[in-house]
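Here's a quick tour of a fold for someone who'd rather be at the bench. Have the structure open and follow along.

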Amino acid sequence: QNADTPCVDFVGVHVWPDDWNFPGTSFQKQFIKQRIESVATALPNGRKPFVLEEFGKTVYSTETNEVKLNAGGGRRTPTRVEYFKAGYEVSEAAATDGTLAGTMFWHWYDRGVGPGKYGVQSHDDVFPVIVEHAKTMNQISNTPTECPV
């Protein structure tokens with residue numbers, strides 16, 4: 001309802017299960033679904049785009065079971081991969097239904113910078129999951145992947 005003002009361009013939600021002490025992808029999936037339903041009810045007929053803005057999964061350097069180097073020199077973070085896949089599963093279904101306009105994970109770092117507890121680098125094992133999701137969202141929205149010159 002707060003978003004139903006002319007001053008607001010879109011509706012966004014953040015999902016931080018680690019910070020909220022709700023571990024597990026089931027909470028994340030349910031939270032995203034509930035927010036999508038709330039926005040669809042409050043702003044029917046897609047009056048404003050809904051975006052899954054900030055979400056992610058913390059990975060600390062001390063989590064030796066979560067931070068192992070992969071063949072490309074990035075990190076293997078199996079739990080983070082599960083969280084991203086779960087968030088994207090819900091998002092892609094909602095995008096197909098027309099109730100979600102896009103997603104933005106937090107936070108992409110260039111190689112040699114960061115990565116911080118939420119940081120993702122292009123050589124981490126979660127990055128191909130992000131790339132595949134972007135391709136799927138482009139297909140759902142009929143967004144061109146190349147611009148003719």
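What follows is a short briefing on the helices, the core and a handful of individual residues.

Keep in mind that this is a predicted model. The big themes are a nonpolar core of 26 residues, and a pair of helices, α2 and α3, that pack at an angle of about 0°. A few loop residues get their own notes at the end.

**Helix α1**

- Helix α1 runs over residues 25–42, which makes 18 residues, and its first and last C-alpha atoms are 26 Å apart, close to the 26 Å expected at 1.5 Å a residue.
- Which residues of α1 are buried? They are Gln28, Phe31, Ile32, Ile36 and Val39.
- These buried residues sit on the same side of α1, because they cover an arc of only 130° around the axis.
- As a rule, an α-helix has 3.6 residues a turn, so residues three or four places apart point the same way.
- Flip to the other side of α1 and you'll find Ser26, Glu37 and Thr41 exposed.
- The cover over the buried residues of α1 includes strands β1 (11–15) and β2 (50–55), plus helix α2 (78–97).

**The nonpolar core**

- The largest nonpolar core counts 26 residues, and Phe84, Leu100 and Ile130 have the most contacts inside it.
- At least two residues of this core come from each of β1, α1, β2, α2 and α3 (127–141).
- The top contributor is α2, which puts in six residues.
- In general, nonpolar side chains tend to be buried together in soluble globular proteins.
- Setting aside residues up to four places away in sequence, Ile130 touches Phe84, Tyr88, Phe105 and Val120.

**Helix α2 and its partner α3**

- With 20 residues, α2 should span 28 Å at 1.5 Å a residue, and its end C-alpha atoms are 29 Å apart, which agrees.
- The list of buried residues in α2 is Arg80, Val81, Tyr83, Phe84, Ala86, Gly87, Tyr88, Val90, Ser91, Ala94 and Ala95.
- What do the buried residues of α2 pack against? Their partners are α1, β2, β4 (75–76), β5, β7 (120–121) and α3.
- The axes of α2 and α3 are 11 Å apart, and the packing angle is about 0°.
- That angle makes α2 roughly parallel to α3.
- On the α2 side, the residues that meet α3 are Val81, Phe84, Lys85, Tyr88, Ser91, Glu92, Ala95 and Thr96.
- On the α3 side, Val129, Ile130, His133, Thr136, Met137 and Ile140 make the match.
- After α2 comes Gly98, with a positive phi near 85°.

**Leu52, in strand β2**

- Leu52 is found in strand β2.
- Is Leu52 buried or exposed? Leu52 counts as buried, because its relative accessibility is 0%.
- Beyond its neighbours within four places in sequence, Leu52 is in contact with Val13, Val15, Ile32, Gly87, Ser91, Leu100, Gly102, Thr103 and Met104.
- Leu52 and Ser141 are 89 residues apart in sequence, and their C-alpha atoms are 16 Å apart.

**Two loop residues: Trp106 and Thr58**

- Look for Trp106 in the loop between β5 (102–103) and β6 (108–109).
- With a relative accessible area of 38%, Trp106 is partly exposed.
- Trp106 touches Trp16, Glu54, Phe55 and Tyr118, not counting residues up to four places away in sequence.
- Trp106 and Glu53 are 53 residues apart along the chain, yet 8.1 Å separates their C-alpha atoms.
- Thr58 is in the loop between β2 and β3 (68–69).
- Although in a loop, Thr58 is buried, at a relative accessible area of 6%.
- Leaving out residues up to four places away in sequence, Thr58 touches Asp18, Glu63, Arg80, Lys117 and Tyr118.

**Positive phi outside glycine**

- Asn21 has a positive phi of about 60°, although it is not a glycine.
- Asn21 belongs to the loop between β1 and α1, and counts as exposed at 64% relative accessibility.
- Asn142 is not a glycine either, and its phi is positive at about 55°.
- You'll find Asn142 in the segment after α3, where it counts as exposed at 70% relative accessibility.

Definitions and conventions
Residues numbered from 1 in each chain as written. Predicted model: local features only at pLDDT ≥ 70, side-chain atom pairs only at ≥ 80, totals over all residues. Heavy atoms only, no water. Helix = DSSP H or I, 4+ residues; strand = E, 2+ residues; numbered from the N terminus. Expected span 1.5 Å × (residues − 1). Buried < 20%, exposed > 50% of the residue type's maximum accessible area, 1.4 Å probe, protein only. Arc of directions from axis to C-beta. Contact = heavy atoms within 4.5 Å. Core = buried A, V, L, I, M, F, W, Y, C linked by side-chain atoms within 4.5 Å. Axes fitted to C-alpha atoms, helices over the stretch in contact; angles between N-to-C directions. Parallel < 35°, antiparallel > 145°, perpendicular 65-115°, else oblique.
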